[in-house]
Protein chains: 2
Amino acid sequence: MTRTIVASATREIVIGFDQPFCVIGERINPTGRKKLAAEMQAGNFETVIKDALEQAACGATMLDVNAGVTAVDPNATEPALLVQTLEIVQGLVDLPLSIDSSVTAAIEAGLKVAKGRPLVNSVTGEEEKLEAILPLVKKYDVPVVAISNDETGISMDPDVRFAVAKKIVERAMDYGIKPQDVVVDPLVMPIGALGDAGRQVFALLRRLREELKVNTTCGLSNISFGLPHRHGINAGFIPMVIGAGMTSAIMNPVRPQEMEAVRAANVLNGTDKDCMTWIKTYKDYKPGEHAAPAPVAVNAPGDAGAAAGGRRRGGREARRAAG
Amino acid sequence: MTRTIVASATREIVIGFDQPFCVIGERINPTGRKKLAAEMQAGNFETVIKDALEQAACGATMLDVNAGVTAVDPNATEPALLVQTLEIVQGLVDLPLSIDSSVTAAIEAGLKVAKGRPLVNSVTGEEEKLEAILPLVKKYDVPVVAISNDETGISMDPDVRFAVAKKIVERAMDYGIKPQDVVVDPLVMPIGALGDAGRQVFALLRRLREELKVNTTCGLSNISFGLPHRHGINAGFIPMVIGAGMTSAIMNPVRPQEMEAVRAANVLNGTDKDCMTWIKTYKDYKPGEHAAPAPVAVNAPGDAGAAAGGRRRGGREARRAAG
């Protein structure tokens, strides 16, 4: 059984086919968040602190940390800012972290200060990336996200994306990195632009699980880009990718509809033992109720958000026998 | 490609792997609805009429019609009551109907008056049932729901349930009934009682699709029996069964959360061409809005409810790149 171990100073989490879906909180990322970027550049981490606590309270399993404020010279400035951000976050919550940067020097600086066993986000199939990132992954003995694109970009052919993922896994093995420490991102396209995007990723996830036997992840909300009511599309996508074998996703754990879908899929996938998290989360569910994140969840990561409540109106229990 | 054709007097619907999920409205069924049973026995069809119009408005693809009011002698009374109910419903909406009864005489009486090509619900693997129902299915050239249990009851072993389904399909072929006219119900167990119920049905659906190449259905809400916030479990189950190959379900189309999950899964499964139904349904989506069923949907079955609106709060668009 493929087991990818990530850990904070005090908690170890297993990503695997028989584990609750791993929700990697995406919020601590200044990309496209000008206000956050400006704050971080000014040394103000109020939003980072709020996002860390809120995502943990909503049930994130681990937190992605990105400090790419797109300064003039990221190589000079990003390492120090990422280190500072990682230290603040790991001082606040005991969730494993994902060190997210396109700057190799920033990833290495992060690896030096991150406690436990962080996830490196990410390497691609590009030669330059493979040669820069894989030695660090081996040196620090950590898992890495492998994005299935290369110098030629993102192929629209799922077979090519699978081949790129396979190449990265094989190259990692050349460096002495176990396949279970490579978490493949098959790349999710917007369904509004590519009608086949869903079926492509479901088929890819099956092959990655059955042929490469690796854990998988994705930038979940990409699927709904450009469509109205994106949370509804995201919430339908989550059970489908979990059913297809995906074991983690980089997503926003603060969204109740998406987290409800994760919790339901864990129940249906048999990874929420005795439905305990579901029952704990919804036992007092009231029609139209908006439950607030409960700090208790900070101490219960991996339960996929025992805090954030559902929001649908209840109603007549279905009473019909099968068929 | 497996195509099960059902039809009303004026509209034909195809159930198939490449079609939008077929939502069979479950509401017109007095089982466990004492008030409805009493009304129907008294010749009052107000609730039947309301349920027919409302389910059509919410986007049901077809309607199940059951008149089992559990009289002293169903054989004597149910045929006439089912005929009366079918005639009222097909006079109101132009959706294909499912003739639902455990009384053979009622099914035959229904087949005599139902317009178009109704679905017979149901036959099982019990010898007595096979010999009573299959000749009618052949005589009237209609499709039938095949429930995978037999004299020994419902097996907890999915291989046995598959074998029963296979036996029914083969027996139907002996009667000259094509496999594409047998819609298999693999039987859904409550996940709260059987933690493996989800994975069992997903595996069964794959085998039914890949080995028997038949269309499938189920009594969808059974999965959440006994759990809190059942709509959340049902809404997570729908995308998972659709992803596993299920092509229809007997469910309540009046539930916005479940119908939103059907619409999202159709988009992600590539059966909502250009996301037209999704966009039409949610283009004016407002946070927390409760859209009412729109009669227009009566003329748009198969679009899985362009009417009932979503209910989640909207929010910040995810802005993050994959991985």
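How far apart should the ends of helix H5 of chain B be, given its 13 residues at 1.5 Å a residue? Let's work that through before anything else. The expected span is 18 Å, and the end C-alpha atoms sit 18 Å apart, so the two agree. And keep in mind, folks, that what we're looking at is a predicted model.

Okay, staying with H5 of chain B, residues 127-139. Its buried residues are B:Lys129, B:Leu130, B:Ile133, B:Leu134, B:Leu136 and B:Val137. Now, a helix has 3.6 residues a turn, so positions three or four apart point the same way. Have that in mind as you read down the list of buried positions in H5(B). And yes, there's a lysine in there, B:Lys129. What lies over those buried residues? The cover includes H4, strand S6 (119-124), strand S7 (144-147) and helix H6 (158-174), which belong to chain B. After H5(B) comes B:Asp141, and its phi is positive, near 50°.

We just met H4, so let's look at how H4 packs in chain B. Helix H3, residues 74-92, and helix H4, residues 104-113, pack at about 35°, with axes 8 Å apart. The crossing is right-handed. On the H3(B) side the contact uses B:Glu78, B:Pro79, B:Leu82, B:Val83, B:Leu86, B:Glu87 and B:Gln90. From H4(B) you get B:Ala105, B:Ala106, B:Ile107, B:Ala109, B:Gly110 and B:Val113. Sorted by class, that's 9 nonpolar, 2 polar and 2 charged residues.

Right, salt bridges. Over all chains the count is 30. Here's one I like: A:Arg171 pairs with A:Glu127, closest N and O atoms 2.9 Å apart. A:Arg171 is in helix H6 of chain A and A:Glu127 is in helix H5 of chain A, so the pair ties together parts 44 residues apart in sequence. A:Glu127 is partly exposed, at 29% relative accessible area.

Now set beside that A:Asp274 with A:Lys273, at 3.2 Å between the closest N and O atoms. Buried or exposed, A:Asp274? Exposed, with a relative accessible area of 55%. A:Lys273 is exposed too, at 64%.

Over in chain B, the side chains of B:Asp196 and B:Arg199 meet in a salt bridge, 3.0 Å from N to O. B:Asp196 counts as partly exposed at 32%, and B:Arg199 is partly exposed at 38%.

Last one: back in chain A, A:Arg27, A:Arg33 and A:Asp51 are linked in a salt-bridge network. That's me done, over to you.

Note on methods:
Residues are numbered from 1 along each chain as its sequence is written. Chains are lettered from A and ligands numbered from 1 in the order in which they are written. This is a predicted model: local features need pLDDT of at least 70, side-chain atom pairs count only at pLDDT 80 or more; totals for chains, interfaces and linings use all residues. Side-chain values use heavy atoms; hydrogens and water are left out. Axes are lines fitted to C-alpha atoms, for helices over the stretch in contact, and angles run from 0 to 180 degrees between N-to-C directions. Helices (H or I, at least four residues) and strands (E, at least two) are DSSP runs, numbered from the N terminus. A crossing is left-handed if the near helix is turned anticlockwise from the far one by less than a right angle, and right-handed if clockwise. Contact means heavy atoms within 4.5 Å. Ala, Val, Leu, Ile, Met, Phe, Trp, Tyr, Cys and Pro count as nonpolar, Asp, Glu, Lys and Arg as charged, and the others, Gly among them, as polar. The expected span of a helix is 1.5 Å times one less than its number of residues. Buried means under 20% relative accessible area, exposed over 50%, partly exposed in between (1.4 Å probe, protein chains only). A salt bridge is a side-chain nitrogen of Lys or Arg within 4 Å of a carboxyl oxygen of Asp or Glu.
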